Amino acid sequence: MTAPESTPAAAALFAELPEPRLSSFAQWRALTGRIVHTMVTKGEMIVAVVTPLMFTLGFYLPLRYVMKFQGIDYAQYVMPIIVLQTMAFTMMSNAQIAAFEARTGLSTRLQTMPIGMVVPLTARIAAGLVRSITSLTAAVVFGYVIGFRFVAGFGQAVLFCVFSLAVGTVLAIGADALGSLTKSPESLSQALTLPTLIFGMLSCGFVPERSYPMWIRPFVRNQPISQFSFALRDMAAEGVTWQVLWVPLVWVAGLAVVFIPLAIWASVRRS
């Protein structure tokens, strides 16, 4: 008998409270913070620092004397591919996060809540960007240890970093779509590792184009990793020109045009 009597009192008690207002930005910030906190507590940020160190040692030490005989400053030459391979690991991390959230049902749960449709996707990409910045900073520091320098000045150094992060972000968006669709972190690791190795090894990032057989040089020269490395190498040296930069920009824009709609569809679809 007391429940009906307490209902008006309860209504009056909460009547003065402001109505809740949904904020996509607050939701994005909370979800991004959750992912970044998970990365920190699980040691992924440590991996983000150690990975470029391993790439620096593994890529620079074996070939530095061979390239020195050819008159190539290998620390300056190899730095772009170290950065690009570091961005590729961020791509794999984003794919695994998306796949884990899809497999555990978190993505489906978020779709039933009053959350912006693309908020979970943008939160994962933002968290991946935090990891990319961490890895890029570590890569540049380790690069300076082996002799890499930004010769072209501060502006080109900033462009180097911005372009590297743009490439990493576009790749992370595509990997996020793949992770949302497959829902298998284990399969993704295998599926993404092979293309990364193929495009990385068959590029001008490790050795000049003249080191490859004639029949494969057109592929090596024109594939995106080589074009990215050309631009980054010029940004760190004498400064990149538009004649060099426009092709990598077309690659980045083209990948973004394909990956962004695919990632949005994969993130918001009902499974």
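1. Let's start with helix 2 of this predicted model. Its buried residues are Q27, L31, T32, I35, V36 and M39. They fall on the same side of helix 2, because the arc they cover around the axis is only 155 degrees.

2. Now turn helix 2 over. The face pointing away from the buried side holds the exposed residues R29, A30, H37, V40 and T41. As for what lies over the buried residues, the cover includes helix 3, helix 4 and helix 6.

3. A quick check on the geometry of helix 2, residues 24-41, works out nicely. Its 18 residues, at 1.5 Å a residue, should span 26 Å, and the end C-alpha atoms are 26 Å apart, so the two values agree. After helix 2 comes G43, which has a positive phi, near 85 degrees.

4. Next, have a look at the largest nonpolar core, which has 44 residues; V78, F160 and M235 are the members that touch the most others. Two or more residues each come from helix 3 (44-69), helix 4 (74-104), helix 6 (119-146), helix 7 (154-182), helix 10 (224-236) and helix 11 (242-268). The top contributor is helix 4, with ten residues.

5. V78 is worth clicking on in your viewer. Which residues is V78 in contact with, leaving aside neighbours within four places in sequence? They are F59, Y60, G205 and F206.

6. Finally, please don't overlook the other core, which lies apart from the largest one and has eight residues. A88, A99, A175 and L192 are among them.

Note on methods: Residues are numbered from 1 along each chain as its sequence is written. This is a predicted model: local features need pLDDT of at least 70, side-chain atom pairs count only at pLDDT 80 or more; totals for chains, interfaces and linings use all residues. Side-chain values use heavy atoms; hydrogens and water are left out. A nonpolar core is a set of buried Ala, Val, Leu, Ile, Met, Phe, Trp, Tyr and Cys residues joined through side-chain atoms within 4.5 Å. Buried means under 20% relative accessible area, exposed over 50%, partly exposed in between (1.4 Å probe, protein chains only). Helices (H or I, at least four residues) and strands (E, at least two) are DSSP runs, numbered from the N terminus. Contact means heavy atoms within 4.5 Å. The expected span of a helix is 1.5 Å times one less than its number of residues. The arc is that of the directions from the helix axis to the C-beta atoms.
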